[in-house]
Number of protein chains: 10
Amino acid sequence: MAGPSKTLETFPNPSPDRDYEIAFDVPEFTCLCPLTGQPDFAHFKIRYVPDQTCVELKSLKLYFWSYRNEGAFHEAVTNRVRDDLVAALSPRSLTVVGDWFVRGGIGTVITVSYRKP
Amino acid sequence: MAGPSKTLETFPNPSPDRDYEIAFDVPEFTCLCPLTGQPDFAHFKIRYVPDQTCVELKSLKLYFWSYRNEGAFHEAVTNRVRDDLVAALSPRSLTVVGDWFVRGGIGTVITVSYRKP
Amino acid sequence: MAGPSKTLETFPNPSPDRDYEIAFDVPEFTCLCPLTGQPDFAHFKIRYVPDQTCVELKSLKLYFWSYRNEGAFHEAVTNRVRDDLVAALSPRSLTVVGDWFVRGGIGTVITVSYRKP
Amino acid sequence: MAGPSKTLETFPNPSPDRDYEIAFDVPEFTCLCPLTGQPDFAHFKIRYVPDQTCVELKSLKLYFWSYRNEGAFHEAVTNRVRDDLVAALSPRSLTVVGDWFVRGGIGTVITVSYRKP
Amino acid sequence: MAGPSKTLETFPNPSPDRDYEIAFDVPEFTCLCPLTGQPDFAHFKIRYVPDQTCVELKSLKLYFWSYRNEGAFHEAVTNRVRDDLVAALSPRSLTVVGDWFVRGGIGTVITVSYRKP
Amino acid sequence: MAGPSKTLETFPNPSPDRDYEIAFDVPEFTCLCPLTGQPDFAHFKIRYVPDQTCVELKSLKLYFWSYRNEGAFHEAVTNRVRDDLVAALSPRSLTVVGDWFVRGGIGTVITVSYRKP
Amino acid sequence: MAGPSKTLETFPNPSPDRDYEIAFDVPEFTCLCPLTGQPDFAHFKIRYVPDQTCVELKSLKLYFWSYRNEGAFHEAVTNRVRDDLVAALSPRSLTVVGDWFVRGGIGTVITVSYRKP
Amino acid sequence: MAGPSKTLETFPNPSPDRDYEIAFDVPEFTCLCPLTGQPDFAHFKIRYVPDQTCVELKSLKLYFWSYRNEGAFHEAVTNRVRDDLVAALSPRSLTVVGDWFVRGGIGTVITVSYRKP
Amino acid sequence: MAGPSKTLETFPNPSPDRDYEIAFDVPEFTCLCPLTGQPDFAHFKIRYVPDQTCVELKSLKLYFWSYRNEGAFHEAVTNRVRDDLVAALSPRSLTVVGDWFVRGGIGTVITVSYRKP
Amino acid sequence: MAGPSKTLETFPNPSPDRDYEIAFDVPEFTCLCPLTGQPDFAHFKIRYVPDQTCVELKSLKLYFWSYRNEGAFHEAVTNRVRDDLVAALSPRSLTVVGDWFVRGGIGTVITVSYRKP
């Protein structure tokens, strides 16, 4: 059984002649608070327009698993997910939404996008 | 009783003098995973602006049935539905949404559009 | 008691100096399938910007009643409702949405608009 | 194509050794107001525990169709549906719910049950 | 056109041989606060098991209209609706729910029932 | 206790250096049908960008109360609310939505806007 | 203007000959954490069957206001609200629900009832 | 990769000293209509109180897959799922709900239970 | 900062003279699959009637955290949470619900209760 | 334990090379009516695009707490929250929404934005 990994596998986009959107709903995400070491939880949503490659679903699952024992600030980890996906896929556009569970009575949602120049 | 078929029947658009939208909600779709042979399920939504022809509802049902025993990747089959509808209808515009059930804890929604040049 | 009628009564727009929207929600519509004679049902929604006249609510009710024993294809009847309202009201703009009940496992929503040249 | 009919077809209950429930959701019902002749609409829900026979789905559709041109008071037609189903099926128990659309600003829901002595 | 009236018209129960429930949803109710004279609003829900008579829908509408210019405490008016319906219908059982709009940041729902001895 | 009044009180906008939106949700509105004298009910929603003045909440309540015993067509009263607010506030922009309860099986929503020239 | 007070005003039950339920929805409650002094928030729901007296709505509002600057554990304050209402009303039965906002990623709902012996 | 199979694997109940409920939500089910050969779809829900054994989740998935190419009436297949689970698990109690998609404008929900004598 | 711990802290029930319910909603739970080592996620709900002691909220948070790196079958861990709470609190009654995320297209909800003899 | 404070702490934006949005959901807000001294409640929502700094979540909680004992008009406090956040963060853009609870039967939502010149 494959384990957690920051490596994102890809496969060739079957229809690179057109712009179309692939969206993932990822309700299972947890990492650690870098200050206290306590668990944080978030619900991620990703949507992107592929260029030459698409991300393989199983490797995406393992990618999110890889944060399980890492400390990560809300703002930083949401931006890193965007950066890692951009590096692996070089998509035409991409949006990452991290919906973080309530802390101090306040919920936080962070939305980061990318558009190929 | 007619059986599964990739043939999409059409009839003349009754009001070709105007742009208007026809939308279909198709909650009954299943195909097979091309890697494992296991069943996949999706909820398709289609909307299009007809030009000279409209798609006949019964043939649309048989068309979706025809995928039942075929292997098909999520990205590829959603794009193929778009291509087959474009080929049969030559619509002014078209959007196909494939909302695929959860695999590996992740749901996938693929949206493909077409606009007549 | 007035009976079903294709005649749409109107009254003068009380505020023709401005653009504003009137929207109707009509959950009670039925006609017959022109091929099989079986009943069809739909939920209509109308919104328009009046010009010099507004449609009278009771006559609108009788108008929709008038389809009860007529055969009508989904695409054709939705377009005809749009055409009859345009002819009676000459509105600045108009949208008719016909949300037809499931047939063959598929729901159909047809949206037709008009904008005064 | 079969037409409207008050005849309810049945087939043998495949599991008469046990009590189990069959429920139908029937959003497509219309009849006429016996006083004014105007259309009435309702959403029917039926649930029953079969004894020796089950009602055949297509005949149930034709049964509800048969009210389309008949005048019927809300209370009377809901009770009649119950009586006709009891006569055809002799079920162990049965409940009929008629959810009638708004008249005079008031919605009406009528619920009639039967239990085999 | 009939006006507001505390008189509740009835008609013979078409199926007095059985217990069944009739439920009304009445979102249009207003009266006056007996202390301040300011308008109060409520959403009433009624359900009853008829005995020999049923309440006629139009007279029920006029009945609720009759409170429009009367002062009435929440608790008292909800109980009075119950008493007037019991007097007019002598039902086998009855429940009246008055869902009163927010006052002082607090919403109030009053539920009164009756069961024939 | 203040009574119903068409007078809308205002107070100075605390932040006139910027555009911002104030929205009111008014579920308690009733007037009379000018043809039949029967009660009509609506749910009003207002949103506006203030200029030099804001409307005082209590006077807005009394303003809506003032329609209670007046006859008013749906289209006319929704436009009048817009005109009265524009006259009192001279706002930068304003939208009034009147969502009227079902009559003849049809719900009506009227939306009127204003933008300062 | 009356201020916060633990005194609950009452008035005579208008229909003490029957059991009926009065329910209050109180979304505006705040007190202080007795350990940290930080604000806590809750949404209270109360329902009771009155005996000889009903609680007056305005005094109920002032009663809940009186907790604003007091320290109170979740379990203790919910039980105290129940005890104070029982002491003031001597109701036939009573239920108090305190739905406390998320702390430490966990929401807490406390439900306390009373039934007259 | 394991294929479709009517065999239900089990494992020992970890807490056979108590009654507790296990519930499964199975939105992915399809079989064939035994009359027309056309696909049918359903959403199954199962809940049971285990005795000495629990059903293994993966074999449950393969079990539902095994109906994919079989003809099955709604009433019969829902009862058969109940019988197969009872045979494999000998549970203390069990309920199977089959929520079948709309056919002929009517949705069907079948609920079958079992209780160990 | 306190770390994960299976120790559940308690405090004296402030109102042991009565039965009342305390309910916790715990959306943040994760453990590992004992077969594959992959993460599992669940949403726990707990409700109990305290006897002499109540569970302290912060220790409950740390308790659920303690499963983060442990392998645990769905059925076993839900029963263990029940057993640990019973051992710590000796409550009058208790219910634990574990709502586990989708695996193999199937969601699982396990409900375990306890009642003091 | 830190107390209420109008001071908003910040930390460096981890990804200042891009525009991205941070959104906070703050359901716990209360202040006092400056006219009557009575409590007001609101649900705040904030979203902003950071420039060089982000607001620290705990200080944001303490900031909202600081209004607890201050008198504040709805329009003024919503604008002040916007001004204080702009002063502390100098964000690229910002929107503050204050959703105030019902007063006089009317709910009020105030939306204030900022965009860096």
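## Contacts in chain A

In chain A, 72% of the contacts with a separation of 6 or more join residues 24 or more positions apart. The model is predicted.

How much of chain A is buried? Of its 117 residues, buried ones make up 40%. Here a residue is buried if 20 or more other C-beta atoms lie within 10 Å of its own.

## Build of chain A

Chain A has six strands and two helices. What order do they follow along the sequence? The pattern is β-β-β-β-α-α-β-β. The radius of gyration of chain A is 15 Å, and the globule rule gives 13 Å for 117 residues. The two values are close, so chain A is as compact as a globular protein of that length.

Now take the outline. Along the principal axes, the C-alpha atoms of chain A fill a box of roughly 45 × 35 × 20 Å.

## Chains A and J

Which rotation superposes chain A on chain J? The angle is 72 degrees. The shift along the axis is 0.0 Å, and the RMSD is 0.0 Å. The two copies are therefore related as by a five-fold rotation axis.

## Helix H1 of chain H

Helix H1 of chain H spans residues 57–65. Which of its residues are buried? They are H:Leu60, H:Lys61, H:Tyr63, H:Phe64 and H:Trp65. An α-helix has 3.6 residues a turn, so residues three or four places apart point the same way.

What covers these buried residues? The cover includes parts of chains B, H and I. From chain H come strand E2 (20–32), strand E3 (39–49) and strand E4 (53–55). Chain B adds its strand E3 (39–49). Chain I adds its strand E6 (106–115).

## Ser90 in chains F and G

F:Ser90 is not a glycine, yet it has a positive phi of about 45 degrees. Where does F:Ser90 lie? It sits in the loop between helix H2 (74–89) and strand E5 (93–103) of chain F. Is F:Ser90 buried or partly exposed? It has 15 other C-beta atoms within 10 Å, so F:Ser90 is partly exposed.

Turn to chain G. G:Ser90 has a positive phi of about 45 degrees, although it is not a glycine. The loop that holds G:Ser90 runs between helix H2 (74–89) and strand E5 (93–103) of chain G. G:Ser90 has 15 C-beta neighbours inside 10 Å, so it counts as partly exposed.

Notes. Residues numbered from 1 in each chain as written. Chains lettered and ligands numbered in written order. Predicted model: local features only at pLDDT ≥ 70, side-chain atom pairs only at ≥ 80, totals over all residues. Least-squares fit on C-alpha atoms with pLDDT ≥ 70 in both. Buried ≥ 20, exposed ≤ 12 C-beta atoms within 10 Å, placed from the backbone. Helix = DSSP H or I, 4+ residues; strand = E, 2+ residues; numbered from the N terminus. Contact = placed C-beta atoms within 7 Å. Rg over C-alpha atoms; globule rule 2.2 N^0.38 Å.
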